[in-house]
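User: I would like to go through this protein by question and answer. Please keep the replies short and give the cut-offs as they come up.

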Amino acid sequence: MPENHRLEQAIKDGVQLPKDNYWGNVPSKICGAYGGALGGNFVKNAVESFENKLADKDK
């Protein structure tokens, strides 16, 4: 889901956006509900890539 659509959906669902643009005080459960999957897949793929490179290096 593109970033704008995530933000629009969060607003529709009543999430209070931080006025100072600091998201550190927003619970992770809320942040993950609207943006977690993309970041989670990115990290998962990066870890898998790194593990594959290590495995190839050991051969």
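User: What is the accessible surface of the protein, and what share of it belongs to carbon and sulfur atoms?

Analyst: This is a predicted model, in which local features need pLDDT of at least 70 and side-chain atom pairs count only at pLDDT 80 or more, while totals for chains, interfaces and linings use all residues. Residues are numbered from 1 along each chain as its sequence is written, and side-chain values use heavy atoms, with hydrogens and water left out. Accessible areas come from the Shrake-Rupley method with a 1.4 Å probe, and for residues only the protein chains shown count as cover. The accessible surface comes to about 5300 Å², and the share of carbon and sulfur atoms is 56%.

User: What percentage of the residues is buried?

Analyst: Buried means under 20% relative accessible area, exposed over 50%, and partly exposed in between (1.4 Å probe, protein chains only). The protein has 59 residues, and the buried ones make up 8%.

User: How many helices and strands does the protein have?

Analyst: Helices (H or I, at least four residues) and strands (E, at least two) are DSSP runs, numbered from the N terminus. Helix α1 covers residues 3-12, and helix α2 covers residues 28-58. The count is two helices and zero strands.

User: Which residue in the loop between α1 and α2 has a positive phi?

Analyst: The loop between α1 and α2 holds D20. D20 counts as exposed because its relative accessibility is 59%, and its side chain reaches the backbone nitrogen of Y22 at 3.1 Å. Another residue in this loop is exposed at 61% relative accessibility. With phi near 65 degrees, a positive value in a residue other than glycine, that residue is N21.

User: Is I11 buried, partly exposed or exposed, and which residues form a nonpolar patch with I11?

Analyst: I11 is found in helix α1 and counts as partly exposed because its relative accessibility is 47%. Patches are made of residues with over 30% relative accessible area and no salt bridge (a side-chain nitrogen of Lys or Arg within 4 Å of a carboxyl oxygen of Asp or Glu). Like charges are joined within 9 Å, and nonpolar side chains (Val, Leu, Ile, Met, Phe, Trp, Tyr) within 5 Å. The patch has about 330 Å² of accessible area together, and the partners of I11 are L7, L17 and W23.

User: What separates the C-alpha atoms of A33 and A10?

Analyst: A33 lies in helix α2 and is exposed, with a relative accessible area of 57%. A33 and A10 are 23 residues apart along the chain, and their C-alpha atoms are separated by 8.8 Å.

Methods:
Polar contact = N/O pair within 3.5 Å; in protein donor to acceptor, adjacent residues only side chain to side chain.
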